[in-house]
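Me: I'm new to this one, so I'd like to ask how the labels are earned. Can you show it to me?
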There are 2 protein chains.
Amino acid sequence: MTQATMNEKLRDLFSPGSIAVIGASNSFDKLGYHVMKSLAGNYQGKIFPINPKAEKIWGIDAYRSLKEVPEQVDLAVIVVPASLVAETVHACGRKAVKGIVLITAGFREIEDAKGEVLEHDLRAMADRYDLPIVGPNTFGYVNLTLGINASFTSEFCQIEKGGVALISQSGGMCHLCGFLAIDERVAMSKLMSLGNRCNVDFPEMLRYLVEADEATRVIALYIEGLDAPRDLIETAASLRGKKPIIAYKAGRSEKGDSASRFHTGSLAGNHDIWTGALRQAGILQVESADELLDTAKALDACALPGGPRVAVLSGQAGPGMIASDALERVKLQLSRFAAATQEKINNLLPPIAIRTNPVDMGPAWYNPKAMLEILQAAVEDEGTDGVIFLAMYASANLKLAEELEKYMKALEPFRKPVIACFTAPPGIWDESIKRLDRQKGVVILATPERTAKAMSNLWKARLLWGEKR
Amino acid sequence: MTQATMNEKLRDLFSPGSIAVIGASNSFDKLGYHVMKSLAGNYQGKIFPINPKAEKIWGIDAYRSLKEVPEQVDLAVIVVPASLVAETVHACGRKAVKGIVLITAGFREIEDAKGEVLEHDLRAMADRYDLPIVGPNTFGYVNLTLGINASFTSEFCQIEKGGVALISQSGGMCHLCGFLAIDERVAMSKLMSLGNRCNVDFPEMLRYLVEADEATRVIALYIEGLDAPRDLIETAASLRGKKPIIAYKAGRSEKGDSASRFHTGSLAGNHDIWTGALRQAGILQVESADELLDTAKALDACALPGGPRVAVLSGQAGPGMIASDALERVKLQLSRFAAATQEKINNLLPPIAIRTNPVDMGPAWYNPKAMLEILQAAVEDEGTDGVIFLAMYASANLKLAEELEKYMKALEPFRKPVIACFTAPPGIWDESIKRLDRQKGVVILATPERTAKAMSNLWKARLLWGEKR
């Protein structure tokens, strides 16, 4: 299959007009129940539940077999036992479905030799019918752009729609990151676990997401280990600079490495070699789930800094110190304001304030408009490449927070990255934070330390890929 | 004042039978409104709002001045302008209040020389009346043990009651950490910002919390800079091993350092010297707000490990690999199970599972009881000093999550530290996680990486302080 063909096939797989759920169920204890839950009521196309016994599943007419479905089926989501997968895939081939999500586990990831044989047969069928198969051993995929949740985890629908595609070799890590994404407002285009990667692997997904998926602006990978890492590296290198690609690579420890072999059937390999290869391929490497999400979110919403010089503006002095410390730790610099910038800031703050970088905006606390004017002055400063903006609100300052939101909405988007940490107790300012996040080139992250880490990754991104397109 | 006397005075200050709010207000824009909000409806003792104009504030009879209050006033919370503070403190002295929380700012933290003079006078008054004064330039304190919120941030009442005292030199960082504590279920005894530390400073608080405050089991400090750091270091050294003390020290960067001088009127000082001094004093140093909270929470709820050997048990393979990687990064080891332990685990897992450390419990996923038996076997293993236990749940596994909770409740507390990461989408398993957290010697943290970091700090704690009392 050429990649152009594969891109077409993946486009069909991710935007089906109809979906059959083979192994659909009304029983809560079956994954086929939860796949139906994810689709029913959300998916706009036709759903065909397939189950030899049921008449209606989730209130939708079911068919005893795929071949009984009187219409075209674009995507088949398979949740039958491993022993029934071969005949099910044949049925899909004969029905001319355009793609398969194979949730069933028990293939080459199991110690038993039988799993290896099943997987070998599966690949032969995929070739024979020229069918893209996501999995086996996957929870499925979610296309947030089109509102299609072809997975057994219905809660992934709570993730906001946006530009980040998360492609994970592990279902567990994808769940962890997906749940964190809900809480931390990382807006996504797609979320998927590759499972055993029958014929939809990292290289195919990278090429598809970069070349053929407009909704995706940033690609975040979670990688454990690959049989043919060179394919991923070469594909990424050939796509370098077209869309940001970042990766969290597991398997640093020897034990973690051998765990990988069992998990998805491949060795993680030497971590240092991976680090070098990722850098060479122009993939930005991160070191934690938090960092993966923060960096992807910032890459999607912010401009890239033209240099390492950062201004820290804080409504409270303490968090500003912490951000300054954290910048030093990630080897960025506090910028030195030009005279004109300093004068503007001096005019906005009473003399009792620290008006040099880091700027304690505390004395302007009751004047959110002035705080934003300081922000604008810092962004416009010629010696400043990015800005960290910090403010902690509680109910006592709620009016000020609301004023900040009002003035912020009226601003033009910032042409330099602005990474904010706005915190407030649960329920106090949540909706405003939701509205402000990822707007005007500003992202909001959880702590001052994390703003600095994300800023350093934006600078690394600029060095790797040049200016943002 | 001797420290024994100071301990008595602080005990009174933190457990007043009556509180006067001087500067109480019915106007949302005044801090005196928010202090009233924090107290009214929560505080069980008598509240006396003081305001020259108001008849009732928050529905409570107000007095025009403190001297008009016909009863004993134990604590005065002062929120009047800086120019009125001197006469107000004199009034408190004459009324024989037992302690003052001075929220008003505008003392030595401002650039104006006038602030320095005001603060000098304040110290003289404190000496003259033998009065402990928290602040000036503080948001106040919260005593969660007794449900007293003497601060302008009413939401701090949402923090759960527990053993962690957070003493911060910065109001902003204390707000950040307090809000994170609500979300992350860090249970606290006290929370306060020292502000300009008139005569209640780190040494006084440390001694009081260790010697006289039974509710406090772990002390978490946020430090910017001190005029007399030796006092803190010597006090901590003299209390070494009695209760765990951990610290997050700001001012690593030169600029952060000079910011500190303005913020609370003192230099942060050379970071390396601080690191050495903290170690010498037996204070465990952490490097982020997340780490401060995670470590304090784990120290409060968990046993300390007898060594650096950790078992990783994961319901999904990916997070187990990540935890193994993270353990290597923090220089802990994956334990090697004794033959008897390995046999127990082998019997609980089918042959298709990775049964050596890290243990992929995936094949026992539908048997939460077996997962907990594996946990028990790992805790009892002679070659294992602590256990990391990971499981990601969603609605598809809700019954399993509920079973896990049921079996977990029936267990005896673990005598080795168990640090868990249980994640689920918002609203799915929140209440269970709340009920399970900090029970049976288990804490639940946000990510696999953070479980490893917290475990390494428990091991450092053991090396610093010996076994937990």
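Me: What makes the link from the side chain of A:Ser168 to the backbone oxygen of A:Ser170 a polar contact?
Reply: A polar contact is a pair of N or O atoms within 3.5 Å; within protein, one must be able to donate a hydrogen and the other to accept it, and residues adjacent in sequence count only if both atoms are side-chain atoms. The side chain of A:Ser168 comes to 2.5 Å from the backbone oxygen of A:Ser170, so the pair falls within the 3.5 Å limit. By the way, this is a predicted model: local features need pLDDT of at least 70, side-chain atom pairs count only at pLDDT 80 or more, and totals for chains, interfaces and linings use all residues. Residues are numbered from 1 along each chain as its sequence is written, chains are lettered from A and ligands numbered from 1 in the order in which they are written, and side-chain values use heavy atoms, with hydrogens and water left out.

Me: Why is A:Ser168 called buried?
Reply: Buried means under 20% relative accessible area, exposed over 50%, partly exposed in between (1.4 Å probe, protein chains only). A:Ser168 has 1%, so buried is the word.

Me: And how do you know that B:Asn143 is buried?
Reply: Its relative accessibility is 2%, so B:Asn143 counts as buried too. Its side chain also reaches the backbone nitrogen of B:Thr145, at 3.1 Å.

Me: What does B:Asn143 touch, beyond its neighbours within four places in sequence?
Reply: Contact means heavy atoms within 4.5 Å, and B:Asn143 has it with B:Phe14, B:Ile148, B:Ser189 and B:Lys190. B:Ser189 is 46 residues away in sequence, yet the C-alpha atoms are 6.0 Å apart.

Me: What makes A:Lys399 and B:Asp29 a salt bridge?
Reply: The rule asks for a side-chain nitrogen of Lys or Arg within 4 Å of a carboxyl oxygen of Asp or Glu. Here the closest N and O atoms are 3.3 Å apart, so the pair passes. Across the interface of chain A and chain B, 4 salt bridges turn up.

Me: Why are the two copies said to be related as by a two-fold rotation axis?
Reply: Chain A can be laid on chain B by a turn of 180° with a shift of 0.0 Å along the axis, at an RMSD of 0.0 Å (least squares on the C-alpha atoms of residues with pLDDT of at least 70 in both). The copies are thus related as by a two-fold rotation axis. In chain A, the C-alpha nearest the axis belongs to A:Asp183, 5.3 Å from it.
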